[in-house]
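Let's take a walk through this one together, starting with the overall layout and then zooming in on a few residues. Keep the 3D view open as you read.

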Amino acid sequence: MSLDVSPKLLAEAEAGAISEEDFVDTVRTSLPYAYELIADLSTRLHAGINEFADNQTPPASEQERGQLLRALASDAIRSSLERHFDITLAFQNCHRVAAFRPGARNGETYARFTSTRAQVLNQSAVLRDC
C-alpha cells in the first residue's frame with residue numbers, strides 16, 4: 001500500500017525538504033483508517049489520566065488492516081504521526097496499537113506493553129493470519 005502523493009508534494013520533495021504538515025495530510029488522505037484510529041487514540045489519551053489508550057478491535061477489512069500496518073511499519077509515517085499527535089506509539093499485532101504520552105519509552109508501562117511476554121500473551125489462533 002502506497003501513499004497517494006500529490007504532484008505538488010512530489011515536486012517539493014524533489015526540490016528539497018517538505019512540510020511535515022503536508023506529509024501528515026498525505027497520510028491522512030492515503031491511509032484514512034490508520035489516521036483516524038491513531039487520532040482517536042490520541043484524543044482518548046490526552047483527555048484522560050491513563051498512561052495509554054489502546055485499540056483491541058480488529059479492522060473490518062484487509063484494506064484497513066493494510067493501512068494500519070503501512071502506517072506503523074514506516075519509520076517516517078509513524079514518527080510524523082507521533083509528532084503530529086504528541087504521542088508515542090506501540091504496536092503488538094495487526095490491530096493492537098497503543099498511544100502513550102511522549103517520553104513513555106523509558107517508563108515501566110511502555111516496557112511492559114512492548115515486552116516479549118506481552119507479545120506472547122496477546123496472541124490467539126484468531127490472529128494467526130493477520
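**A guided look around**

Seven helices and three strands make up the secondary structure of the protein. Keep in mind that what you're looking at is a predicted model. If you trace the chain from the N terminus, the elements come in the order α-α-α-β-α-α-β-β-α-α.

A few overall numbers help set the scene. The protein has 130 residues, and 41% of them are buried. About 7,600 Å² of the protein is exposed, and carbon and sulfur atoms supply 51% of that area. Now for how the chain meets itself: take the contacts with a separation of 6 or more, and 59% of them turn out to be between residues 24 or more positions apart.

Let's go to the sheet. The three strands form an open sheet, with antiparallel pairing, in the order β1-β3-β2. At the edges sit β1 (52–54) and β2 (88–91), each of which pairs on one side only. Going from one strand to the next, the twist averages 20°.

How is β3 tied to the strands beside it? Strand β3 covers residues 97–100, and four bridges join β2 to β3, with the two running antiparallel. On the β1 side, three bridges do the joining, and β1 and β3 run antiparallel too. You can see both pairings by finding A98 in β3. A90 has A98 as its bridge partner, and D54 also stands opposite A98.

Stay with β3 a moment longer and look at its two faces. In a regular strand, side chains alternate between the two faces of the sheet. Here V97 and A99 are on one side of β3, while A98 and F100 are on the other. Are these four buried or exposed? All of them are buried, so both faces of β3 are covered. One element to find beside the sheet is helix α3 (residues 32–47), which lies across β1, β2 and β3 and runs at about 40° to β3.

Next, hop over to Q67, which you'll find in helix α4 (residues 62–73). Is Q67 buried or exposed? With a relative accessible area of 5%, Q67 counts as buried, because the cut-off for that is under 20%. Now find L3 as well. Q67 and L3 are 64 residues apart in sequence, yet their C-alpha atoms are 9.7 Å apart in space.

The last stop is the charged side chains. Side chains of opposite charge can pair when their charged atoms come close. How many salt bridges does the structure hold? There are nine, and three of them are worth a visit here.

Start with D22 and K8, which form a salt bridge whose closest N and O atoms are 3.8 Å apart. This pair links distant parts of the chain, with D22 in helix α2 (residues 20–30) and K8 in helix α1 (residues 7–15), 14 residues apart. D22 is partly exposed at 27% relative accessibility, whereas K8 is exposed at 55%.

Then move to helix α3, the one you met lying across the strands. The side chains of R44 and D40 form a salt bridge there, at 3.4 Å from N to O. Both residues belong to α3 and are four residues apart, about one turn of the helix. R44 has a relative accessible area of 40%, which makes it partly exposed. D40 is partly exposed as well, at 37%.

Finally, look for E82 and R105, whose side chains meet in a salt bridge of 2.9 Å, N to O. Here again distant parts of the chain are linked: E82 is in helix α5 (residues 75–85), R105 is in the loop between β3 and α6 (108–113), and the two are 23 residues apart. Which of the two is buried, and which is partly exposed? E82 is buried, at 11% relative accessibility, while R105 is partly exposed, with a relative accessible area of 45%. Before you leave the salt bridges, go back to K8 and D22: together with E12, they are joined into one network by salt bridges that share partners.

Definitions and conventions:
Residues numbered from 1 in each chain as written. Predicted model: local features only at pLDDT ≥ 70, side-chain atom pairs only at ≥ 80, totals over all residues. Heavy atoms only, no water. Pairing = 2+ DSSP bridges. Axes fitted to C-alpha atoms, helices over the stretch in contact; angles between N-to-C directions. Contact = heavy atoms within 4.5 Å. Buried < 20%, exposed > 50% of the residue type's maximum accessible area, 1.4 Å probe, protein only. Areas by Shrake-Rupley, 256 points an atom, 1.4 Å probe, with all protein chains shown as cover. Salt bridge = Lys/Arg side-chain N within 4 Å of Asp/Glu carboxyl O.
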